[in-house]
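Subject: Structure handover and findings

Hi,

Here is the structure you will be working with. Please open it alongside this note.

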Amino acid sequence: MRYEGSCHCGKIAFEVEGNFAEAIDCNCSMCRRRGGLLAFVSRDSLRLKTPEADLSTYEFNRHVIKHHFCNHCGIAPFGEGAGPNGPMAAVNLRCLPEFDIEAVKIVKYDGLSV
């Protein structure tokens with residue numbers, strides 16, 4: 001299924017293709033503070049609809065994930081990194097207005113497992 005997504009102000013907009021049955025509620029220092037629910041897709045399943053130059057990016061710890069956020073409203077709609085099968089995107093399902101959060105299984109993740 002295809003979903004439209006964005007930050008709060010719309011400066012960062014994207015569409016993503018995926019069947020999201022599960023979301024990760026990560027408790028790393030970053031995710032715990034921002035409250036996102038993450039679902040992972042291959043990077044080519046996410047298409048940015050606004051200029052890449054509008055993305056602000058934060059990296060921490062081992063610098064393996066590019067946490068993208070909007071420098072205007074502060075919302076972090078997705079991140080990018082290397083997955084076991086190639087480049088991946090971690091989409092914040094809370095940034096997909098038409099997605100039913102109640103329909104997804106939320107899995108607690110402690111940030112320690114590989």
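Below is what was found, region by region.

One caveat up front: this is a predicted model.

**Second largest pocket**

The second largest pocket holds about 190 Å³ of space. Its lining consists of F40, V41, S42, A82, G83, P84, N85, G86, P87 and M88. Strands β4 (38-42), β8 and β9 (86-92) are the elements that each give two or more residues to that lining. By class, the lining has six nonpolar and four polar residues. It has no charged residues.

A82 is one of the lining residues. It sits in strand β8, which covers residues 78-83. Its relative accessible area is 72%, so A82 counts as exposed; the cut-off for that is over 50%. Leaving aside neighbours within four places in sequence, A82 is in contact with V64 and M88. M88 also appears in the pocket lining. From A82 to C7 the C-alpha separation is 23 Å, with their positions 75 residues apart along the chain.

**S56 and H67**

S56 belongs to strand β6 (residues 55-58). H67 belongs to strand β7 (residues 65-70). The two touch each other.

Both residues are buried, because buried means under 20% relative accessible area. S56 has 16%. H67 has 8%.

Beyond four places in sequence, S56 contacts H67, H68, F69 and N71. With the same exclusion, H67 touches M30, R34, S56, T57, Y58, F60, F78 and G79.

**Aromatics**

The structure holds five aromatic pairs. One of them is Y58 with F60, and this pair is stacked. The ring centres are 5.9 Å apart and the planes differ by 15°. Y58 is partly exposed, at 39% relative accessible area. F60 is partly exposed too, at 23%. Both Y58 and F60 are among the residues that H67 touches.

There is also an aromatic cluster, made up of Y3, F20 and F99. Y3 lies in strand β1 (residues 2-6). At 11% relative accessibility, Y3 counts as buried. Leaving aside neighbours within four places, Y3 is in contact with F14, E15, V16, G18, F20, L96 and F99. That list includes F20 and F99, the other members of the cluster. Y3 and F14 are eleven residues apart along the chain, and their C-alpha atoms are separated by 8.5 Å.

**Cysteines**

How many disulfides are there? The count comes to zero.

C9 is in no disulfide. Its nearest cysteine sulfur belongs to C70 and is 3.6 Å away. A disulfide needs the two sulfur atoms within 2.5 Å, so that distance does not qualify. C9 is partly exposed, with a relative accessible area of 37%.

Why is C73 not bonded to C7? The sulfur of C7 is the closest cysteine sulfur to that of C73, but at 3.8 Å it is too far for a bond. C73 is partly exposed, at 27% relative accessibility.

**Two loop residues**

R94 is found in the loop between β9 and β10 (105-109). R94 and G5 are 89 residues apart in sequence, yet 8.8 Å apart in space, C-alpha to C-alpha. Not counting residues up to four places away, R94 touches G35, G36, L37 and I101.

N19 lies in the loop between β2 (13-17) and β3 (22-26). At 69% relative accessibility, N19 counts as exposed. Its C-alpha atom is separated from that of R2 by 8.5 Å, and the two residues are 17 apart along the chain.

**Recap**

A82 is exposed and helps line the second largest pocket. S56 is buried and is in contact with H67, which is buried as well. Y58 and F60 stack, while Y3, F20 and F99 form one cluster. No disulfides are counted.

Best regards

Key:
Residues are numbered from 1 along each chain as its sequence is written. This is a predicted model: local features need pLDDT of at least 70, side-chain atom pairs count only at pLDDT 80 or more; totals for chains, interfaces and linings use all residues. Side-chain values use heavy atoms; hydrogens and water are left out. Helices (H or I, at least four residues) and strands (E, at least two) are DSSP runs, numbered from the N terminus. Buried means under 20% relative accessible area, exposed over 50%, partly exposed in between (1.4 Å probe, protein chains only). Contact means heavy atoms within 4.5 Å. On a 1 Å grid over the protein atoms alone, a cavity is a set of points where a 1.4 Å probe fits but cannot get out, and a pocket is an open set with protein on both sides within 12 Å along at least five of seven lines; lining residues have an atom within 4 Å of a point. Grid points are joined across faces, edges and corners, and a volume is the space filled by probe spheres set on the points. Ala, Val, Leu, Ile, Met, Phe, Trp, Tyr, Cys and Pro count as nonpolar, Asp, Glu, Lys and Arg as charged, and the others, Gly among them, as polar. Rings of Phe, Tyr and Trp (its six-membered ring) pair if their centres lie within 6.5 Å; planes under 30 degrees apart count as stacked, over 60 as edge-to-face and the rest as tilted.
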